[in-house]
Amino acid sequence: MAVDTGLPYLTFENPARGRQTVPLPAGAGIATIGRRHDSDIPLPWDPNVSRVHAQLQQVGGEWVIADDGLSYNGTEVNGHRLTGRRRLHDGDVITVGLTRLTYHSPQDLSSPTATAQPRKPAPPITESQRRVLAALCRPCLQPDTLAPPASNRSIANELSLGTDAVKFHLRSLFAAFGIEDLPHNEKRIRLVAEAIDRRAIAP
């Protein structure tokens, strides 16, 4: 296991398999993050991850992360948009698409440049809202698929609701998760990301 070797590694949640641990390749010097199955850190289930999204590079014994325009949606480290390259420190949180990866470096004795933010708890929502949220997220949770969130019509059909009722519940969910002010085309995918990250729905 990566934890036992003392070498750096990444951890993240795989919707189909639970928590994953991926050691960074010793001596290789480069590791790719992307939606392609042949990536060093493959995230094929995440529709917002590019085929080749970001690259980890070993420089002078330290790992740095670079996007350099590889991805369509960009990369964040500890909530800050990545530009150029950035050295990673133990506990740094890398966000690509809907997925958060935590960098672990057991031998890193330096002070981190930013403190990783703890996972926020899920807001209180009603059972009806939870059912709508689960239906919205379901296509994104299927293993090895790149499906977008469910449409209002498909949610309505699944739950035997009217589309107006679905829209009402979604507006309430946007507000509950604090994303009601985002552009309309970003709200649904961000709601899925928040629901998965904050464990508002069962995996």
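Start by selecting strand β3 (residues 30-34) and strand β5 (residues 54-59): they pair in the antiparallel sense over four bridges. Strands here are DSSP runs (E, at least two residues) and helices are too (H or I, at least four), numbered from the N terminus, and two strands pair if DSSP finds at least two bridges between them. Zoom in on I30, which stands opposite Q57 in β5.

Before going further, a word on what's on screen. This is a predicted model, where local features need pLDDT of at least 70, side-chain atom pairs count only at pLDDT 80 or more, and totals for chains, interfaces and linings use all residues. Residues are numbered from 1 along each chain as its sequence is written, and side-chain values use heavy atoms, with hydrogens and water left out.

Keep β5 and add strand β6 (residues 62-66): five bridges hold this antiparallel pair. Pick Q58 and you'll find its bridge partner in β6, W63. Now click on G60, which takes a positive phi near 60° in the β5-β6 hairpin, with two residues between the strands.

Next, jump to strand β1 (residues 9-14) and strand β2 (residues 18-23), which run antiparallel and are joined by six bridges. This is a hairpin as well, with three residues between β1 and β2. Y9 is the one to label, with P23 of β2 opposite.

Now for P123, in the loop between β11 (99-104) and α2 (127-141). Is P123 buried or exposed? P123 counts as buried because its relative accessibility is 13% (buried is under 20% relative accessible area, exposed over 50%, partly exposed in between, with a 1.4 Å probe and protein chains only). Show what surrounds P123: leaving aside neighbours within four places in sequence, P123 is in contact with A176, F177 and R198 (contact means heavy atoms within 4.5 Å). For a distance label, try P123 to A175: 52 residues apart in sequence, 10.0 Å apart C-alpha to C-alpha.

Last stop, the largest pocket, with about 1000 Å³ of space. Of its 33 lining residues, E76, T95, G97, R190 and A193 are the closest to the centre, so select those. A pocket is an open set of points on a 1 Å grid over the protein atoms alone, where a 1.4 Å probe fits, with protein on both sides within 12 Å along at least five of seven lines; lining residues have an atom within 4 Å of a point. The volume is the space filled by probe spheres set on the points, joined across faces, edges and corners. Colour α5 (184-197) too, one of the elements giving two or more residues to the lining; α5 gives the most, with seven.
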